[in-house]
Structures are given as C-alpha cells and as structure tokens.
Amino acid sequence: MVMSNPAHTQKGGGSQSAHLAAAGVALLVCLVYLPVLGNGFVNWDDGVYVNRDPLAKALPAAFTTFHASGNWHPLATLSHAVDHAVFGLWAPGHHLTSLVVHALNAGLVVLLCCAILGVRALSRREIIAAGIAAGLLWGLHPLRVECVAWVSERKELLCTLFYLLGLLGYLRHARGTSISRWYLATLACFALALLSKPMAVSFPLVLLVLDAYPLARLRRPRLRRLLAEKLPFVLLAMAAALVTLHAQQAAGAMRALADLPLRTRLSVAIQAPVAYLGKTLWPSELRALYSYPMLSDLSSWWEARQALASRLLALVLLVMLCWALKRRRRPLVVGLLSYLVMLLPVLGIVQVGPQAMAERYTYLPGIALAILAGAAVGFVWERAAVSSRFWLPTLAAIFALLTASLSWLSIKQIAVWHDSESLWSQVLACEPGNVEAHNSRADYYYQRGNLGQALADYTAALASPPPVSPTHADKRRAAILNDRAVTLVQLGRLDDAVADESESIRLRPDRGDYFANRARMFERMGRTDNANSDWQRARTLHASEGSTSPP
C-alpha cells in the first residue's frame, strides 16, 4: 500500500480551498472598485444602452431587433432593461451590477487557474498561490476599469462570465470519456456568452488549445472524436458571426475598405497585440479612445514605419519564442497562444467604430496572461517554501506592493470615468487634437449650458481632420459644423450660425435636418423666403427617407 501525498490533489488544489481563495479575491476586487459607485453615466453610448422601455416591451425586442450601434447582444440588452426596471436612471445602481459581475469574474479566474494547474501533478500550495495571484493580477489591473466603469460595456462583463463558466465546465467534461452533462453545460454557457457579446467566437479555438495542453487529449486515435465534439461550438460561432455582420451592415457601423484601407487595418492588427502587452506590463496613458493612425497616404505611411517595424519585429520574436519553446515551456506557449486567439475578433481587420484599439478588448484576453503570470508566481512561491521559509515573507511583501500599486492605478482610472468631462479631458491629455474627444466634450458642455466651452471644443474638433477617408471625414465635419451652428444660435451669433449650417449642407446635401435647422435660423433673422425654401427642401428629403414625422 502506498500512501498519497496530502499536499497534492487532482481537483484543482482542493475544491474547498480554491473556492475560499476565489471568494477572498472577489471580495478584495469588489472593495477596490467601490469608488465606481460614485460615478455617473457618460455621453458615450450610455444614453443608448440604458434601456428606458418597460421590461415587458424590452424582453421580446432584445432578441428580435438589432442595437442602434450595429450589435446584437440580447442578454446585455436585457441586463440593462432589468437595471432600469429596478434602479431607473440612478447611475450607482447600474454601476453596482457591473461591479458585482466583475468581482464574480475575478473569482472565476481563480477557479479556472486552479482547475488548469490541477490537471498537472502540482502541490495544493502552488495551485492556490497561482490562483490567487492570477485573480488579483487580472481583477485589479487598471486595464479592467473601462469595462467596469462604463455602463455600456456590460456586454463584455457578461460575455466573460459565461466564457469562464464554459471553460470550467469543459475542464470537468474532459475528465470523462463520453458526452456528459458538463459538455452540454459548456455548450449552453458558450451560447450565453455569444448572446452577451460575439467576441466569444474564439471559444472553440481555446478549447482546442486546452485539449493540446494541459489536457493532452490531441492524440491520433481520438482526434476525430475531439474535432466532432467541437462542431456544435463552431456552428454556433459561425451563426453569431453572420448575425453580427448583418447587424453591423444594417446599422452602417462597419467601415468599408475605401474608408479605412486594408494596409491601415493590417498595420493596426499587427501592432495591437504588442501594444496591449505593453499596456499590461506598464499601464500608462490609459484612455477611452485611441484614434486610428493617419496612414491613408504614402507619406504618412512612411512616417509611421518605425513604430510599425518595431512592433512587427516584437510580434515575430514572440511567435518565434513560442515555436522554440513549444516542447520545453508549454505553459508559456499555451498562455500566449490563448491570448492571441482571444484577441483575433477585435484586431480590426473587420473594423467597427472609430477606435484603433480599446482597453476593453483586453478584458477577456488578459485572463490568459494573468493565469500565465499566476502560474509563475505559484512556481516561485512553492520553490521558496521548500528551500527557505525566509523568502516567503519577502515574496508576499513584493506581491502585496504590486497589487497595491495596481489598485491605486485602478482607483485613479475609475475617477477618469466619473463623468463625460473627465473622460474626454483624459483622452485629450494623452492625445491632443482627438476629434471625437473634442466633439463629445463639446456635446457635454452644451447639455450643461456651458456654451462658450462647447463652442471652443467644436472649433477645436474642426481644426483637425479625422483619421479616415475624405468621404467619411466630410460626414463628420458636417455633423460637427451643424452642432457648432446650433451653439452659435444660442449665443446670438446668427450670421456665423448660418455660415456653419450652409457649409454642413454643402458637405451633406442629403440631410433634411440640416436644411430644417437653417430654415429656423432664417426665420429668426426675418428672411422668410430663404426659410420657406429650406423648409420645402427639408420636407422633400424627409419624405424621400420614408419618415412620417415632421422635420
């Protein structure tokens, strides 16, 4: 008879210990992020996402209609509807829901790390240490703030929640030899993740990565069965991708190649993984919006070649490192590969929105890096415990200092999201001349009645061309000119307002609302003939759009 070593386990470091560690990490993350309850809504999609319809009306509409932003995420829509039914427009209530989901996700990261490392013959102490480190490094990192502090990003939080539950279910299923209830639970969680946000389409590929390591299931005799096992996941991912493409095309959210050239997209897609790694290791100059580089012509392409070349070299070296260590350092390879796979849907080859990159895109891929870092911490912790007890307090102090630093940075970043003014001011501090930031801050000032500050920001937004094609730039310029014209009317500067509105009409002669705005200005000036002409043009355009409401 051989006695088993009580320091080892086959169930992720001991189920009770892992769950206690997960609960502790979730509680600490929740405490650090409590300041988010003092934040309000921001004028970046929050007015669109926070559902104001009665719950009975929102329930069927969530599944049958596309979102105005060009997305289909019914679970996230329902979540906002429930929040509105409970809290109304009380912002702290909406933030509380996001905070609770993020804390749950941090606890699930602990459990996932313990479950993955529990497949290998590691001590319970090493597994638990790794799980705690992974949960804290991921949950407290300032890159997570955008998803928690921005109410509209509930979709990312829910998607990650079900993604993590699905991975945990799959690891349980992998212990068996046939289709089990855990397999069905994994499939259900994947479907829920897709209904929260289509970024979850990477899930089948991550399952294959786990099959390779640490599960070691990719053996020739059972390879066909393993691939067949993934077929329902692939079909769900394809269906979600098709629905998302249709929704984005219907809403006009997808940017055409003429608007954003392929070489620009490839440049950003190459640089983004390295840039996100850099932000993870050194989280500085964090902001809500990262503008696209001006790469639309040859001269500007050459101006950006050095940054592109350096990041391309870093990406190539990263891939070469993974290949060189594929046998000797499999955990490192698997962690980096999972990170890249999870990033694939948001690298920008199919571009939606004005951003070149976004901190919210690291929420899910960052889990792979955190588990990799957690495993390293667990390894060092175990070796220190075995060799000398002297090193344990030192390592604990170093890690405490690291988590305290991350917590402090996260609290500072939460303050950035306090309101629209602080949000867009931070973007402009990091990226002066950002057109969208100036325009959004101007909208905020206008709504608050600060017309002078609004006018200054609209003027600053018009001073720099947006980094897009000339056609799209004309559309943005026309919209900003229209907003500045309305502001000038409030300031009593009617001649300047008419000049701005006339320019916006020249750029967008298909916009009936611009003609209607100028007609109102002419009426204030007593120019009745000009006003009647514009009203007639506005009604004609309105009728051609099929609208029944007056312009």
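**Figure 1. Arg 518 and Asp 534 are joined by a salt bridge in this predicted model.** In this close-up, the side chains of the two residues come together at 2.7 Å, N to O. Arg 518 belongs to helix α23 (residues 512-525) and Asp 534 to helix α24 (residues 528-544), and the pair links distant parts of the chain, 16 residues apart. Are these two partners buried or exposed? Arg 518 is buried, and Asp 534 is buried as well. Keep Arg 518 in mind, for this residue returns in the next view.

**Figure 2. Ile 505 sits in helix α22 and touches Arg 518.** The helix that holds Ile 505 covers residues 494-507. Once neighbours within four places in sequence are set aside, the contacts of Ile 505 are Tyr 514, Phe 515 and Arg 518. Take a look at Phe 515 here: this residue and Ile 505 are ten residues apart along the chain, and their C-alpha atoms are separated by 7.0 Å. With a relative accessible area of 7%, under the 20% cut-off, Ile 505 counts as buried.

**Figure 3. A salt bridge connects Arg 154 with Asp 83.** Here the distance to look for is 2.9 Å, N to O, between the two side chains. Which parts of the chain does this pair tie together? Arg 154 lies in helix α8 (residues 154-173) and Asp 83 in helix α4 (residues 74-87), so the salt bridge ties together parts that are 71 residues apart in sequence. Both residues of the pair, Arg 154 and Asp 83, are buried.

**Figure 4. Glu 229 and Lys 230 form a salt bridge.** The closest N and O atoms of Glu 229 and Lys 230 are 3.0 Å apart. Glu 229 has a relative accessible area of 4% and is buried. Lys 230 is buried too, with a relative accessible area of 3%.

**Figure 5. Six residues are linked in a network of salt bridges.** To trace the network, find Glu 146, Glu 153, Lys 155, Glu 156, Lys 197 and Arg 360. For a wider setting, the count of salt bridges comes to 22. One member of the network, Lys 155, comes up again in the next legend, as the nearest side chain of opposite charge to Asp 46.

**Figure 6. Asp 46 is buried yet has no salt bridge.** How far away is the nearest side chain of opposite charge? That side chain is Lys 155, and the distance to Asp 46 is 8.3 Å. A salt bridge here requires a nitrogen to lie within 4 Å of a carboxyl oxygen, so this pair does not count as one. Asp 46 is placed in helix α2 (residues 46-49). Leaving out neighbours within four places in sequence, Asp 46 is in contact with Phe 41, Trp 150, Val 151 and Ser 152.

**Figure 7. Asp 45 and Glu 285 both have a positive phi.** Most residues other than glycine have a negative phi. Phi of Asp 45 is near 75°, and that of Glu 285 is about 50°. Asp 45 lies in the loop between α1 (15-32) and α2, while Glu 285 is in the loop between α12 (262-281) and β1 (290-291). Asp 45 is partly exposed, with a relative accessible area of 29%.

**Figure 8. Tyr 213 and Pro 214 are joined by a cis peptide bond.** Most peptide bonds are trans. In this view, omega for the bond between Tyr 213 and Pro 214 is about 15°. Where does Pro 214 lie? This proline is found in the loop between α10 and α11 (220-251).

**Figure 9. Helix α10 packs with helix α15.** The axes of α10 (residues 203-212) and α15 (residues 330-343) are 9 Å apart and meet at an angle of about 170°. That angle is over 145 degrees, so α10 is roughly antiparallel to α15. On the α10 side, the contact is made by Leu 205, Val 206 and Val 209; on the α15 side, by Val 334, Leu 337, Ser 338, Val 341 and Met 342. By class, seven of the residues in this contact are nonpolar, one is polar and none is charged.

**Figure 10. The whole chain brings the close-ups together.** The protein chain has 24 helices and two strands. Of its 551 residues, 50% count as buried. Among contacts in the chain with a separation of 6 or more, 74% are between residues 24 or more positions apart.

Note on methods. Residues numbered from 1 in each chain as written. Predicted model: local features only at pLDDT ≥ 70, side-chain atom pairs only at ≥ 80, totals over all residues. Heavy atoms only, no water. Axes fitted to C-alpha atoms, helices over the stretch in contact; angles between N-to-C directions. Helix = DSSP H or I, 4+ residues; strand = E, 2+ residues; numbered from the N terminus. Parallel < 35°, antiparallel > 145°, perpendicular 65-115°, else oblique. Contact = heavy atoms within 4.5 Å. Nonpolar A, V, L, I, M, F, W, Y, C, P; charged D, E, K, R; others polar. Buried < 20%, exposed > 50% of the residue type's maximum accessible area, 1.4 Å probe, protein only. Lys, Arg positive; Asp, Glu negative; His and termini not counted.
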